[in-house]
Amino acid sequence: MRYELAVEIERPPAEVYAYLADPTHLPDWQADVEEVRDAPGGPLSAGATFTEVRSFLGKRAVSTLEVTAAEPGRELALRTVSGPVEVTIRHLLEPS
């Protein structure tokens, strides 16, 4: 299954990227994320991993994610390394 969503944020791409690239912000904008563990300090870089704990279908789901692309101000992509659901996520940032 493929799902796409476009959101216009009135901020420069570099500022949005800095926020996205810090996984400790996930619970702020994804209501089902309960906790982020083992996140590296500072912005994520390609190859970095972290663990997220989220509520999924009424159960607690623990997943480890790996950064597959990290281009500041432009793209942040992740994939599930372990966990109950295999996902690939790509955030593509463009000025409006």
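**Group meeting: core, pocket and a few odd residues**

Let's start with Asp38, which sits in the loop between strand S1 (33-37) and S2. Helices here are DSSP runs of H or I with at least four residues, strands are runs of E with at least two, and both are numbered from the N terminus. Asp38 has a positive phi of about 55° although it is not a glycine. For context, most residues other than glycine have a negative phi. At 63% relative accessibility, Asp38 is exposed. My cut-offs: buried is under 20% relative accessible area, exposed is over 50%, and partly exposed is in between, with a 1.4 Å probe and protein chains only.

Before I go on, the housekeeping. This is a predicted model, where local features need pLDDT of at least 70 and side-chain atom pairs count only at pLDDT 80 or more, while totals for chains, interfaces and linings use all residues. Numbering runs from 1 along each chain as its sequence is written, and side-chain values use heavy atoms, with hydrogens and water left out.

Back to phi. Leu57 also has a positive value, near 55°, and is a residue other than glycine. Leu57 is in the loop between S2 and S3, and at 76% relative accessibility it counts as exposed.

Now Thr49, over in strand S2. Thr49 is partly exposed, at 38% relative accessibility. Leaving aside neighbours within four places in sequence, Thr49 is in contact with Asp38, so there's our loop residue again, plus Pro40, Thr64, Leu65 and Glu66; contact means heavy atoms within 4.5 Å. The C-alpha atoms of Thr49 and Thr68 are 9.6 Å apart, with their positions 19 residues apart along the chain.

On to the inside. Which residues touch the most other members of the largest nonpolar core? Leu44, Phe50, Val67 and Leu76, out of 14 residues in that core. Helix H1 (13-20), strand S3 (59-71) and strand S4 (75-82) each put in at least two residues, and H1 gives the most, with 3. By core I mean a set of buried Ala, Val, Leu, Ile, Met, Phe, Trp, Tyr and Cys residues joined through side-chain atoms within 4.5 Å. As a rule, nonpolar side chains in soluble globular proteins tend to be buried together.

Take Val67 from that list. Not counting residues up to four places away in sequence, Val67 touches Leu44, Ser45, Ala46, Gly47, Ala48, Leu76, Ala77 and Leu78.

What about H1? Its buried residues are Pro13, Val16, Tyr17 and Leu20. They cover an arc of only 100° around the axis, so they lie on the same side of H1; the arc is that of the directions from the helix axis to the C-beta atoms. The buried residues of H1 pack against helix H2 (26-29), S3, S4 and strand S5 (88-92).

Just past H1, in the loop between H1 and H2, is Pro23. Is Pro23 buried or exposed? Buried, with a relative accessible area of 1%. Beyond four places in sequence, Pro23 touches Val36, Ala39, Leu44 and Phe50, and Leu44 and Phe50 are two of the names from the core.

Ser63 is a polar example, in strand S3. Ser63 is buried, at 10% relative accessible area. Setting aside residues up to four places away in sequence, Ser63 touches Phe50, Thr51, Glu52, Ser82, Gly83 and Pro84. Also in S3 is Lys59, but Lys59 is exposed, at 60%. The C-alpha atoms of Lys59 and Ser96 are separated by 38 Å, with the two 37 residues apart along the chain.

Last stop, the largest pocket. About 2,000 Å³ of space lies in it. It is lined by 44 residues, with Leu5, Trp29, Ile89, Arg90 and His91 nearest its centre. S5 gives the most to the lining, with 5 residues. The lining divides into 28 nonpolar, 6 polar and 10 charged residues. For the terms, a pocket, on a 1 Å grid over the protein atoms alone, is an open set of points where a 1.4 Å probe fits, with protein on both sides within 12 Å along at least five of seven lines, and lining residues have an atom within 4 Å of a point. Grid points are joined across faces, edges and corners, and the volume is the space filled by probe spheres set on the points. Ala, Val, Leu, Ile, Met, Phe, Trp, Tyr, Cys and Pro count as nonpolar, Asp, Glu, Lys and Arg as charged, and the others, Gly among them, as polar.

One of those central lining residues, Leu5, belongs to the segment before H1. Leu5 is exposed, with a relative accessible area of 64%. The C-alpha atoms of Leu5 and Thr49 are separated by 24 Å.
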